[in-house]
Amino acid sequence: MHKRLTLIASLAALVAIAIPASAALAGETVSGPDGNTQSIEASVAPKGLYKKKASPATLNVEVKTGTTAANGVPSPAVHDVIDFDKNLSLATKGLPTCSAQQLQNTTTEAAELACGKAKIGSGSAITLLPLSVLYTEPTKVTAFNGAPQGGKPVVLLHAYGTTPIQTTLVLVGTVSNYGKEGFGPRLDVTIPPIAGGAGVITDFKVKINKSWTYKGKKMSFVNAKCPASKKLKYRGAFTYADGVTINADTTQSCTPKAEPKGK
């Protein structure tokens, strides 16, 4: 019999990911006292960006958690915060929105039918489900622009899988401006228990690449600049059910290019 699991959480970005410790992790891997290991990888494309003028960009994010535990199951994440370089910014003006309620208990096709105009990207994930046996559930991820909350942008991540059980996960998150230590946009997610608290989202990655036209002006959900340092930085703080928090970070090189003429 198919079972449906529904998760509503505050994003960002994104989420904590769990994989066996033997698997390769993106970015630097940081170990915690509880045996969990954590990494984050983020980048924008193209690498060639203006130094002063923000230009349209595609954002890729991948977050992974591993463990040294013999059973290969990390402590589940309950709260994640991801900070992006201050040279990144988001734009949502004129972009249709979708609600979490429209996405709950839906397939990927139904989610896109309900909120296709608000789609901003896609990706993939795996949910680790330690039930009677240990299942790994591959899912397709679709990202949507959510209705703002308190004036803050919202990103909805819809993950749907069918094997071994039918699973729908909806991650709801807000984006705020941290504005300190060289960081700008901050993604925040609170993750409620999955499968009675035993389940963990695994190998989550998403690409945000939405562009549209508003009042004759070309718009992009993600925009970026390349600073004089030629580096863009990203970091995440991942807190687990056992109370441990692991901080992980990564950097990306970029290439400043000549400003557009007349600007």
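Sort the lining of the largest pocket by class and you get 4 nonpolar, 3 polar and 3 charged residues. That's a handy place to start walking through this model, which is a predicted one. The pocket itself holds about 210 Å³ of space. Its lining is made up of Lys53, Ala54, Ser55, Pro56, Ala91, Lys217, Lys218, Met219, Ser220 and Asn223. Two elements give two or more residues to that lining, namely β5 (55–56) and β16 (217–220). The largest share belongs to β16, with 4 residues.

Let's follow β16 for a moment. Its partner is strand β15 (residues 211–214), and the two pair in the antiparallel sense over 4 bridges. If you want one spot to look at, find Thr213, which stands opposite Lys218 in β16. Lys218 is also one of the residues lining the largest pocket. The hairpin made by β15 and β16 has 2 residues between the strands, and Lys215 takes a positive phi there. The angle is about 50 degrees, although Lys215 is not a glycine. Is Lys215 buried or exposed? With a relative accessibility of 74%, Lys215 counts as exposed.

Lys215 has company in this respect. Lys230 isn't a glycine either, and its phi is positive too, at about 60 degrees. You'll find Lys230 in the loop between β17 (222–224) and β18. Lys230 counts as partly exposed, its relative accessibility being 47%.

Now back to the other strand at the pocket, β5. Here 3 strands form an open sheet in the order β5-β17-β8, with antiparallel pairing. The edges are β5 and β8 (88–90), each of which pairs on one side only. As a general point, strands of a sheet pair through backbone hydrogen bonds, either parallel or antiparallel. Between β5 and β17, which run antiparallel, there are 2 bridges. Pro56 has Asn223 in β17 as its bridge partner, and both Pro56 and Asn223 appear in the lining of the largest pocket.

Time to move inside. The largest nonpolar core counts 48 residues, and Val44 and Phe84 are the ones with the most contacts inside it. What does Val44 touch, once residues up to four places away in sequence are set aside? Its contacts are Leu49, Ala57, Thr58, Leu59, Leu88, Ala224, Leu232, Tyr234 and Gln252. Apart from the largest core lies another one, of 11 residues, including Ala100, Leu103, Phe144 and Leu156.

Just along the chain from Val44 comes a backbone detail to look for. The peptide bond from Ala45 to Pro46 is cis, with omega near 5 degrees. Pro46 sits in the loop between β3 (36–45) and β4 (48–50). A cis bond also turns up from Thr163 to Pro164, where omega is near 5 degrees. In this case the loop that holds the proline, Pro164, is the one between β11 and β12.

Those two strands lead us to some enclosed space. Rolling a probe the size of a water molecule over the atoms shows where empty space is left. How many cavities of 30 Å³ or more does the structure hold? There are 2 of them. The second largest has a volume of about 40 Å³, and its lining consists of Leu157, His158, Ala159, Leu169, Leu171, Ile201 and Phe204. At least two lining residues come from each of β11 (152–161), β12 (167–177) and β14 (200–208). The largest share, 3 residues, is supplied by β11. By class, this cavity's lining has 6 nonpolar residues, 1 polar residue and no charged ones.

One last stop is Gly236, in strand β18 (residues 231–240). Gly236 is buried, because its relative accessible area is 5%, under the 20% cut-off. So what surrounds Gly236, beyond its neighbours within four places in sequence? Gly236 is in contact with Ile40, Val81, Ile82, Ile246, Asn247 and Ala248. You can also look across from Gly236 to Arg186: 50 residues separate them along the chain, and their C-alpha atoms are 9.5 Å apart.

Methods:
Residues are numbered from 1 along each chain as its sequence is written. This is a predicted model: local features need pLDDT of at least 70, side-chain atom pairs count only at pLDDT 80 or more; totals for chains, interfaces and linings use all residues. Side-chain values use heavy atoms; hydrogens and water are left out. On a 1 Å grid over the protein atoms alone, a cavity is a set of points where a 1.4 Å probe fits but cannot get out, and a pocket is an open set with protein on both sides within 12 Å along at least five of seven lines; lining residues have an atom within 4 Å of a point. Grid points are joined across faces, edges and corners, and a volume is the space filled by probe spheres set on the points. Ala, Val, Leu, Ile, Met, Phe, Trp, Tyr, Cys and Pro count as nonpolar, Asp, Glu, Lys and Arg as charged, and the others, Gly among them, as polar. A nonpolar core is a set of buried Ala, Val, Leu, Ile, Met, Phe, Trp, Tyr and Cys residues joined through side-chain atoms within 4.5 Å. Buried means under 20% relative accessible area, exposed over 50%, partly exposed in between (1.4 Å probe, protein chains only). Contact means heavy atoms within 4.5 Å. Two strands pair if DSSP finds at least two bridges between them.
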